[in-house]
Amino acid sequence: MFLTNSSSFCRSRIPTSSQRIFCRSKVMALISLEDLDGLDDEQLDDDITDNPEPMDEDESERLMSHWQAVASTHQVSVPQEMRGPIQEMTRNSQQREPLPFTTISSHEKMGEVQYEERLYPAGHWASVTQGDDLYEQSISTAFMKLMRFICKENSAGRYLGMTVPVISYIRMAKDGKTFEKEVETAFFLPAALQHSPPQSCDPDISIVYRQPIRVVTRPFFGTTTEETVGRQILLLWEILGATDELHSDRYAVAVYENPGVPRRRNELWFIRRDL
């Protein structure tokens, strides 16, 4: 959700029907979707995350101060209206459902997973598309909206729960060199909500039913910036080689853990054209 200093990088060839070279500067490091439980255990006591009771004023202030302190290091601020959603997500951080999938195949080299192929089921997703000036800003704004939807700004009027990972869909611009500004951020609704999904109070959030999706996925660890994602895209293309079976103009990044984890788990998804 928070932006850091910029850097630049150049991404080399991605195999498509024709060679593409794409470079991008001013890449901003991001603390984004993973901030659901972005708490430093040395700064915050365990009882904040484990206690289901409402937080008292001191606990609330400590939690908000922590988020503001993290934000200040990234030169952004946390709006006061996020105080409630941050508390709610923190209290429920251990109650997330895994997004279900079926493993089709797994490919290893020297004991290390190179990539897997998976099938994710049809179902309802909460989705918001945001198009700010910077890619990271789009993701941050979208995730703020999803947090508020999860925390009572919905037709059910209650905390909904959520699944992991949270997915960001990246599309390449027509020039094949840059990301489109509009980025979709989405999460699969928990199983209990699939048959009767609540609606959002925010018109920017859509509850959409999607058909199954088949992906080739590779894990990576650490930060999820444009630079790191771009490198992972190149690496997976190098492993797979050129193929028309996968989309080369769209990708997805799946985020599982909070930024306090030194080697937090993420995945890059290549999307198959057909099931």
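Two strands are taken to pair where DSSP finds at least two bridges between them. With that in hand, the pairing of β12 with β13 in this predicted model is a good place to start. These two strands pair in the antiparallel sense over 6 bridges, and L246 stands opposite R272 in β13. On β13 (265-272), a second partner is found in β11, joined to β13 by 7 bridges and again antiparallel. Within that pairing, R218 has L268 of β13 as its bridge partner. Of the 8 residues of β13, 7 are buried, so the strand is largely enclosed by the rest of the structure.

These strands belong to an open sheet of 9 strands, in the order β4-β5-β11-β13-β12-β8-β9-β6-β10, with antiparallel pairing. The edges are formed by β4 (102-109) and β10 (205-210), each of which pairs on one side only. From one strand to the next, the twist averages 30°. Towards the β4 end of the order, β5 (residues 112-120) and β11 (residues 213-221) run antiparallel and are joined by 5 bridges; here E116 stands opposite T217 in β11. Helix α5 (residues 226-240) packs on the sheet, where β5, β8, β11, β12 (246-255) and β13 are touched. The direction of α5 makes about 115° with that of β11.

Another helix, α4 (residues 135-150), also meets strands of this sheet. It lies across β6 (123-130), β8 (166-171), β9 (183-188) and β10, and runs at about 30° to β9. How does the length of α4 compare with what its 16 residues should span? At 1.5 Å a residue the expected value is 22 Å, and the end C-alpha atoms of α4 are 23 Å apart, which agrees. Burial gives a further view of this helix: 14 of its 16 residues are buried, so α4 is largely enclosed by the rest of the structure. Just after α4, K152 takes a positive phi of about 85°.

Helix α4 also has a helical neighbour. The axes of α3 (residues 83-91) and α4 come within 9 Å and cross at roughly 70°. Since angles of 65 to 115 degrees count as roughly perpendicular, α3 and α4 are therefore roughly perpendicular to each other. On the α3 side the contact is made by P85, I86 and M89, and on the α4 side by M147, R148 and I150. By residue class, this contact comprises 5 nonpolar residues, no polar ones and 1 charged.

Notes
Residues are numbered from 1 along each chain as its sequence is written. This is a predicted model: local features need pLDDT of at least 70, side-chain atom pairs count only at pLDDT 80 or more; totals for chains, interfaces and linings use all residues. Side-chain values use heavy atoms; hydrogens and water are left out. Axes are lines fitted to C-alpha atoms, for helices over the stretch in contact, and angles run from 0 to 180 degrees between N-to-C directions. Helices (H or I, at least four residues) and strands (E, at least two) are DSSP runs, numbered from the N terminus. Angles under 35 degrees count as roughly parallel, over 145 as roughly antiparallel, 65 to 115 as roughly perpendicular and the rest as oblique. Contact means heavy atoms within 4.5 Å. Ala, Val, Leu, Ile, Met, Phe, Trp, Tyr, Cys and Pro count as nonpolar, Asp, Glu, Lys and Arg as charged, and the others, Gly among them, as polar. The expected span of a helix is 1.5 Å times one less than its number of residues. Buried means under 20% relative accessible area, exposed over 50%, partly exposed in between (1.4 Å probe, protein chains only).
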